[in-house]
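Dear colleague,

Please find below the sequence and structure that I am handing over to you. My findings follow directly after them, arranged by topic.

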Amino acid sequence: MQQSAVPELAHTRTRPIHWLATATALAGVVALSSVLQPDAATAAQRPGPRTQSAPAAAAPATDGVAFPLECGPVEAVVERKASGDLDGDGRAETVAVVHCDAGISTPPDGVYVLTRGADGARVRVVATLVDPEDRHTVEDFAVGEGAVTATLLGYSSVDVPTCCPDTEERVKWHWKNGAFVRSSPAEARSV
């Protein structure tokens, strides 16, 4: 008979006392877990110093903005404005429909996109969607779902009086690859 180099260990053979000790330990863990329960789970985080976020910045205002519009002795008037996050950065931009306060006739509109500078305070014009030199009047203007939509009323020739636009085009701008891209939906038409 050859003797093993490793002595026989007592725990290599199970005896009823081992089973009894294991059952007792397991019963103790189950009993203790029923007494010590974790807090109820919730989907909301509890407020704390690390979970508070800064308030969202307000959309840029149009007051005091120097629009790239030549009005001579009259003032530029913001006819309409709307705000929304157009470039997906989490900050709202403001889109303004602006024209010169002509008093008579139908002055052409310009459509400008405003944003705040890196400092968060200074408002600046970052894009011109409609240039007043193109002689359009803007109707049905809206900002939503990351896009700007409008109906542009215009003129088929320079002979058409400014009181009576004779063309209509439905347009949409959306942010793509660092610039506003203009598209015309299928329902665009002429009057």
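The model is a predicted one. I begin with strand S5 (residues 137-144) and strand S6 (residues 147-154), which run antiparallel and are joined by six bridges. Two of the residue pairings may help you to find the register: Val143 has Val148 in S6 as its bridge partner, and Glu139 is matched in S6 by Thr151. The hairpin that S5 and S6 make has two residues between the strands, and in this hairpin Glu145 adopts a positive phi near 55°.

These two strands belong to an open sheet of four strands, ordered S5-S6-S7-S8, with antiparallel pairing. S5 and strand S8 (179-183) each have a single partner strand and stand at the edges, so one side of each has no neighbour in the sheet. On average, neighbouring strands of this sheet are turned by 20° against each other, with direction ignored. As general background, strands of a sheet pair through backbone hydrogen bonds, either parallel or antiparallel.

Turning to the interior, the largest nonpolar core has 16 residues, of which Val95, Val111, Leu129 and Trp173 touch the most other members. Two or more residues of this core come from each of strand S2 (93-100), S3, strand S4 (123-130), S5, S6 and strand S7 (167-176). Apart from this core lies another, made up of nine residues, including Ala96, Cys100, Tyr112 and Leu114.

Which residues does Val111 touch, leaving out those up to four places away in sequence? They are Val95, Ala96, Val97, Ala127, Thr128, Leu129, Val130, Val138 and Phe141.

A further residue to inspect is Thr115, which is found in strand S3 (residues 110-116). Is Thr115 buried or exposed? Its relative accessible area is 9%, and since the limit for a buried residue is under 20%, Thr115 is buried. Residues up to four places away in sequence not being counted, Thr115 touches Pro60, Glu93, Arg122, Val123, Arg124 and Val126.

Finally, the structure holds two disulfides. With the bonded cysteines of the protein numbered in sequence order, the pairing is 1-2, 3-4.

One disulfide is formed by Cys71 and Cys100, whose sulfur atoms are 2.0 Å apart. The torsion about their S-S bond is about -85°, so this disulfide is left-handed. Cys71 lies in the loop between helix H1 (16-35) and strand S1 (76-84), while Cys100 is in strand S2; the pair therefore ties together parts that are 29 residues apart in sequence. Both Cys71 and Cys100 are buried, and Cys100 is also among the members of the nine-residue core.

The other disulfide is formed by Cys163 and Cys164, with their sulfur atoms 2.5 Å apart. Here the torsion about the S-S bond is about -75°, so the disulfide of Cys163 and Cys164 is left-handed. Cys164 has a relative accessibility of 39% and therefore counts as partly exposed.

With kind regards

How values were computed. Residues numbered from 1 in each chain as written. Predicted model: local features only at pLDDT ≥ 70, side-chain atom pairs only at ≥ 80, totals over all residues. Heavy atoms only, no water. Pairing = 2+ DSSP bridges. Axes fitted to C-alpha atoms, helices over the stretch in contact; angles between N-to-C directions. Buried < 20%, exposed > 50% of the residue type's maximum accessible area, 1.4 Å probe, protein only. Contact = heavy atoms within 4.5 Å. Core = buried A, V, L, I, M, F, W, Y, C linked by side-chain atoms within 4.5 Å. Disulfide = S-S within 2.5 Å.
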